[in-house]
Amino acid sequence: MNAPPKHLSLLSHAKVNWFLRVLDRRQDGYHNLETVFQELELSDEFDFERQPENGGCVLQGFPADIDPQVNLVRRAWELLRQRFPGKVHGIRVHVNKRIPRGGGLGGGSSNAATTLLALNTLYEVGLSADEMQILSAELGSDVPFFIRGGCAIGRGRGELLEPISRVPAYHLLLVFPPHGVSTGEAYGRLGQAGPRAAGSAGLTEVVHALSMAGPSRLAKAIHNDFEAVMRAELSFQQTISALDEAGCLRAFLCGSGSTVAGLAKDKSHCVEMSERLGNILDVAQCITCTLAGCAT
Ligand code: C5P
């Protein structure tokens, strides 16, 4: 049998939600959801290196404002160490961060899932993907999705997953506003916003549009309850208007915010939109992006 590698390089991908409906608040403080997660090509680059037993968890390349003690990469390492005593030793983790923080793109959750996947390989822990999904829910509601990625319906607090296969390539323009939003705060503000309007396109319609109907139909089916909260913010309104003016089929909020995505007809339309957007909006950062694992 081959010895496990000492080093491992992995990409840790971002996500958007094609659909995000927040249902009731639960006894444990979380909310039940109906959502459709979608993995994106946009990713952070990770290098993992095994270290001796007493080597700790050495984090390199993370922005200074992420507290290393609560970094989800460290928490993932601690979780596996605690569950498999003696099996998981030290780790050095180097990252090239590209996913913005507080952008609703799941960067932290994705990094946690990537760390579990890396440690499982480097230390031959032997967990299956199903087992990692269950364990990873302890690190955050979105973490289980990133174990397999792709496209999936999420229920419960987001951890009960049902994969959606054969999603073709869609093209998005992502606009990152200068300020991020904390997930917990966004849920708090949603509660204050009062009852949410019913009657927008449902989950089934999004799933159908995704695999069968193409971008125009998908544009009509996209839905995110957090837009009701963000609508009060001038920067959100301006970004949505600018994306509309640039010609996108539909501008929508990513997760609980603050990134806004514009759905394009195809790849060349996406590039055109980004050129037009540069003339309309003084955006802090804006990139064109394709779904992960799709033929372009
Ligand atoms: O699960 P995660 O740690 O990412 O959640 C951060 C915060 O977002 C939670 O503490 C909770 O306030 C809120 N949340 C929620 N319902 C969910 C997911 C997150 O209320 N389904």
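I began with Arg157, where a backbone N or O atom lies 3.1 Å from a nitrogen atom of the ligand. I count such a pair of N or O atoms as a polar contact if they are within 3.5 Å. I then looked up two further contacts: a polar side-chain atom of His31 is 2.7 Å from an oxygen atom of the ligand, and a side-chain N or O atom of Ser141 is 2.6 Å from an oxygen atom of the ligand.

I note that this is a predicted model, in which local features need pLDDT of at least 70, side-chain atom pairs count only at pLDDT 80 or more, and totals for chains, interfaces and linings use all residues. Residues are numbered from 1 along each chain as its sequence is written, and side-chain values use heavy atoms, with hydrogens and water left out.

I next looked up the area: the ligand taken alone exposes 450 Å², and the protein buries 73% of that (Shrake-Rupley method, 1.4 Å probe).

I listed the shell around the ligand, taking residues with a heavy atom within 4 Å. Among its members are Gly29, Tyr30, Leu33, Thr183 and Tyr187. By class, the shell has three nonpolar, six polar and one charged residues; Gly counts as polar and Arg as charged. Helix α5 gives the most to the shell, with three residues; helices are DSSP runs (H or I) of at least four residues, and strands (E) of at least two.

Finally, I turned to the aromatic pairs, of which the structure holds seven (ring centres within 6.5 Å; planes under 30 degrees apart count as stacked, over 60 as edge-to-face, the rest as tilted). Phe37 and Phe145 are stacked, at 4.7 Å centre to centre and 20° between the planes. This pair links strand β2 with helix α4, 108 residues apart.

Note on methods: A polar contact is a pair of N or O atoms within 3.5 Å; within protein, one must be able to donate a hydrogen and the other to accept it, and residues adjacent in sequence count only if both atoms are side-chain atoms. Rings of Phe, Tyr and Trp (its six-membered ring) pair if their centres lie within 6.5 Å; planes under 30 degrees apart count as stacked, over 60 as edge-to-face and the rest as tilted.
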